[in-house]
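Colleague: Thanks for making time for this one. Could we go through it together, question by question?

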Amino acid sequence: MTTHGKKGLRRRFAAAYPSWFYLPAAVIFGVLFLFPTFASLFFSLTRWTLFQYSFIGLANFRQFFSEPFLVWGLVNTLIYAVVTSGSKVVLGMLLGILLTSNVMARGLLRAVVFFPVLVSTIGVGITFTMLMHPTNGLINDVIAAFGLKGPAWLTDPRFALLSVAFVDVWKGVGLATVIYIAGIVSIPAEYYEAAKMDGANALQRFWNVTLPLARPATVTVIILSLIGGLRSFDLIWAMTKGGPGFTTDVVASVIYKQYQAGFYGLSTTGNVVLFVLVAAIVVPLSFVLNRKEVEA
Amino acid sequence: MTARKLRYYATGILSLAIAFVVFVVPFLFIVVNALKDKPEASRLHFTWPTETHFWDNLAAVVQARDYMLITAFVNSIVLTVVAVAGLVVFGAMVGFVLQRRPSRWNGLINFMVLAGLIMPPAVVPTIWLLQWLGLFKTLSGLILIEIAYSLSFSVLLFRAFIATIPRELDEAAILEGAGPFTLFFRIVLPLLKPVAVTVIVVQSVAIFNDFTNPLYYLPGAKNATVQLTLFNFQSMFNTSYNLLFMNILIITIPPLIMFLFFNRQIVEGMTAGAVKG
């Protein structure tokens, strides 16, 4: 042993956490995620067959923001993300409050609400396509039992996007709920006792204790479901394939359609638009939401 | 007191009834229709089958397209097991060094981890790259893709857990002469069992259920995964709803088993990963 003394020991401590531990992860992530991301910035400016490309400047982007069926995708993505995210916040919070209260069969209820999160999205999509069938579907059967006529959920352009969003909420609200449960459980009971002592009723306790103190959970649910909503593809593809017309097309389904059609440059442009969209919405939002929390 | 009791039972029963209709009925709908014969299932009614055809339907689904479902199950299981193994080992290695050794690279690495969590992958350039590497339409390619896309989540969970393991343990081992390899694989990794279980169950459900990545990176009949097979059956069985529902039922069983055994870890993992993300 030549490395006696303090210096040698410190070197040994540093050597215990070698940089090469990063290597396998860095290679896989760098090659298969980062490199294609940077490459997409270039290929979005080209007409591309995978074997050769010609540089066409911003023409793809111009097309993306002028062709109606591509613009639809952009607008629908925003609507879909906001609707699903907002619903998950409201319903997740209500379910979180219910499932942390002294309710009957609490464990069973939690399990039932959470289970759809783990089920195949394609399976859920197919099942709800059947349940939403305009004439044979169970949902419209129930509506008919009340003497009313239910709409053609997935084939009527006015309802299609919201119907898919509903299924997304059905499948995802369990995750929002468990995040809220974790948040609400961590609120110290003294706050509620103090509020009760001051004569606050249930609504006031919710407004002044639960809502502000469950804020980290709210931030998490908003951010998480916005990311998921903006990137959403598989449920829409399993239920409507973007139809009727382009009324349920989102950016992610446009990317797939352009890829299938062989417009690789345009498809990649869609990808760049999507990650600019995600970054432009999620990064500032998480910054603002997290900062306010510190001030409060 | 009795009024309170009454309210307890009223809200309890009401909640259970609503939860049953909203969350349980769709699953029962899958089950009853998976048991029916073709004409009865085509009516899409929520009724108990007049005659149960469990075995017939099961056999028909399994044999369809030359035992496609068996191939798909084998592919999906290989994909899930290998990708999750990679995620655990590589994610833990990164989480370990990232947590233990502060360096000026940490800021960049944390940024990369967040980027991996938020950013949608660039699809066509990835296909182009995979073709160039000879990995397009191969299971190995898809395994590497799944690892790349889920590494961030795995790193976050491991890093958070490693922060709870006292550094003195490392120091003792180093003084005993343990090298980095021994320290990590012999001493630290076994202690990570609880968080490793969480990563394993959460990621295996996610990768088993993944549809988009196999759709892009593993097209072709002989490569099918269970989700792709189900999606293709949708158009193939569009008159045999009984078989379609049987297929859904079959591929719901693995996540159901995971849920029954690892409910707590799944919920913990998803909330922890979420809160840190």
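Modeller: Happy to! A word on naming before we start: helices here are DSSP runs of H or I with at least four residues, numbered from the N terminus. Please keep in mind that this is a predicted model.

Colleague: With that in hand, where is Pro244(A) found?

Modeller: Two helices of chain A frame it, H12 covering 234-239 and H13 covering 251-260. Pro244(A) is found in the loop between H12 and H13.

Colleague: And which residue does a cis peptide bond join to Pro244(A)?

Modeller: Most peptide bonds are trans. Here omega is about -5°, and the bond is cis. The partner of Pro244(A) in that bond is Gly243(A).

Colleague: Let's turn to backbone angles in chain B. What is the phi of Arg65(B)?

Modeller: Arg65(B) has its place in helix H3 of chain B. Most residues other than glycine have a negative phi. Arg65(B) is a residue other than glycine with a positive value, near 50°.

Colleague: How do the axes of H5(A) and H1(B) run, roughly parallel or roughly perpendicular?

Modeller: H5 of chain A spans residues 106-114 and H1 of chain B spans residues 2-34; their axes come within 10 Å and cross at roughly 25°. Angles under 35 degrees count as roughly parallel. The crossing is left-handed. H5(A) and H1(B) are therefore roughly parallel.

Colleague: Which residues in H1(B) do those of H5(A) meet, and how many of the contact residues are nonpolar?

Modeller: From H5(A) come Leu108(A), Leu109(A), Val112(A) and Val113(A), and they meet Ser15(B), Leu16(B), Ala19(B), Phe23(B) and Val24(B) in H1(B). By class, the contact has one polar residue and no charged ones, and the nonpolar residues number eight.

Colleague: Now for Arg101(B). Which side chain does its own side chain make a polar contact with?

Modeller: Arg101(B) has its place in the loop between H3 (54-100) and H4 (106-118) of chain B. Leaving aside neighbours within four places in sequence, Arg101(B) is in contact with Asn106(B) and, in chain A, with Ala14(A), Tyr17(A), Pro18(A) and Ser19(A). The polar contact between side chains, at 2.8 Å, is with Ser19(A).

Colleague: What separates the C-alpha atoms of Phe65(A) and Phe51(A)?

Modeller: Phe65(A) lies in helix H3 of chain A, residues 59-66. Leaving aside neighbours within four places in sequence, the contacts of Phe65(A) are Val71(A), Leu74(A) and Val273(A). Phe51(A) is 14 residues away along the chain, and the C-alpha separation is 27 Å.

Colleague: On to the records. Over residues 67-96 of chain B, how much is helix?

Modeller: UniProt, in an unreviewed entry, places "transmembrane region" at several spans of chain B, including 12-35 and 67-96. Residues 12-35 are 96% helix, with end C-alpha atoms 32 Å apart. For residues 67-96 the end C-alpha atoms lie 44 Å apart, 0% is strand, and the helix content is 100%.

Colleague: Last one: how far apart are the end C-alpha atoms of residues 74-285 of chain A?

Modeller: An unreviewed UniProt entry lists those residues as "domain: ABC transmembrane type-1". The span is 74% helix and 0% strand. Its end C-alpha atoms lie apart by 19 Å.

Definitions and conventions:
Residues are numbered from 1 along each chain as its sequence is written. Chains are lettered from A and ligands numbered from 1 in the order in which they are written. This is a predicted model: local features need pLDDT of at least 70, side-chain atom pairs count only at pLDDT 80 or more; totals for chains, interfaces and linings use all residues. Side-chain values use heavy atoms; hydrogens and water are left out. Axes are lines fitted to C-alpha atoms, for helices over the stretch in contact, and angles run from 0 to 180 degrees between N-to-C directions. Angles under 35 degrees count as roughly parallel, over 145 as roughly antiparallel, 65 to 115 as roughly perpendicular and the rest as oblique. A crossing is left-handed if the near helix is turned anticlockwise from the far one by less than a right angle, and right-handed if clockwise. Contact means heavy atoms within 4.5 Å. Ala, Val, Leu, Ile, Met, Phe, Trp, Tyr, Cys and Pro count as nonpolar, Asp, Glu, Lys and Arg as charged, and the others, Gly among them, as polar. A polar contact is a pair of N or O atoms within 3.5 Å; within protein, one must be able to donate a hydrogen and the other to accept it, and residues adjacent in sequence count only if both atoms are side-chain atoms. UniProt positions are given in the numbering used here, feature names are shortened, and annotations may be inferred rather than shown by experiment.
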